[in-house]
Amino acid sequence: MQTEEQLDGVKNVVLIGMPGAGKSTLGIVLAKILGYDFMDADLVIQNQCDKTLQHIIDAMGPEGFIQVENQILSQIHTQTDTVIATGGSAVYSDEAMSHLHQIGTVVYLKISYDELKNRLSDLQERGVVLKGGISMSLRELYEERLPLYERYADVTVDVDDLSITAAARKVAGALK
């Protein structure tokens, strides 16, 4: 965790959280509110690999994808003033999370399991890393990742039952 004094010098915001928590959509709105640039790490991965996330996962398996994600996230360099939306599986990579902590404030967009269930339909369509294989349930994925999000977060913002704009404003307020 970073102290308030350390947060004052940080000029990037890194969003972590479950698939469906709103990292990409909220990230765009948050960037507009803060006057920052926006980077979607999943799109960076897709562009560098020239494949969709799901194709990368299918070709390399969950562990192979995590290695690719770790390598790309560990090399993200933004000048300053950027909101970075990570993929939900970024927290599987200590190296990547350490790097992201160095370049920004890590904000966990917390969502309840029930809200998550309402937002997500097919995990396979979204390119979600299921370390336990395709038989892994949404509940198992949630319970596996929750402690990781909590461990890496500098700031946690509960976004249940909030519109994207309201959630983005809440995150912006939590950064002050």
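Begin by selecting helices α2 and α8, which are oblique to each other. The model in the viewer is a predicted one.

**First stop: helices α2 and α8**

Two packed helices are described by the angle between their axes and the distance between the axes. Helix α2 comprises residues 23-34 and helix α8 residues 164-174; their axes come within 9 Å and cross at roughly 55°. This angle falls outside the 65 to 115 degrees that count as roughly perpendicular and is not under 35 degrees, the limit for roughly parallel, and therefore the pair is classed as oblique. In passing α8, helix α2 makes a right-handed crossing.

Next, display the side chains of the contact. On α2, select T25, L26, V29, L30, I33 and L34. On α8, select I164, T165, A167, A168, R169, V171 and A172. Colouring this contact by residue class will show 10 nonpolar residues, two polar and one charged.

**Second stop: the aromatic pairs**

How many aromatic pairs does the structure hold? There are two aromatic pairs.

Select Y108 and Y149. The ring centres of Y108 and Y149 are 5.2 Å apart and the ring planes stand at 20°; because planes under 30 degrees apart count as stacked, this pair is stacked. Tracing the backbone from each ring leads to strand β4 (residues 105-110) for Y108 and to helix α7 (residues 138-152) for Y149, so the pair ties together parts that are 41 residues apart in sequence. Are these two residues buried or exposed? Y108 has a relative accessible area of 1% and is therefore buried. Y149 is likewise buried, with a relative accessible area of 1%.

Remain on α7 and select Y142 together with Y113. These two residues form an edge-to-face aromatic pair, with 5.7 Å from centre to centre and 65° between the planes. Y113 belongs to helix α6 (residues 113-119) and Y142 to helix α7, so this pair ties together parts that are 29 residues apart in sequence. Both Y113 and Y142 are buried.

**Final stop: the whole chain**

Now show the entire chain as a cartoon. Its secondary structure consists of eight helices and five strands. Followed along the sequence, these elements give the pattern α-β-α-β-α-α-β-α-β-α-α-β-α. Colouring by accessibility brings out the buried residues, which constitute 51% of the 176 residues in the chain. Finally, display the contacts with a separation of 6 or more: residues 24 or more positions apart account for 74% of these contacts.

How values were computed:
Residues numbered from 1 in each chain as written. Predicted model: local features only at pLDDT ≥ 70, side-chain atom pairs only at ≥ 80, totals over all residues. Heavy atoms only, no water. Axes fitted to C-alpha atoms, helices over the stretch in contact; angles between N-to-C directions. Helix = DSSP H or I, 4+ residues; strand = E, 2+ residues; numbered from the N terminus. Parallel < 35°, antiparallel > 145°, perpendicular 65-115°, else oblique. Left-handed = near helix turned anticlockwise from the far one by under 90°. Contact = heavy atoms within 4.5 Å. Nonpolar A, V, L, I, M, F, W, Y, C, P; charged D, E, K, R; others polar. Phe/Tyr/Trp six-rings, centres within 6.5 Å; stacked < 30°, edge-to-face > 60°. Buried < 20%, exposed > 50% of the residue type's maximum accessible area, 1.4 Å probe, protein only.
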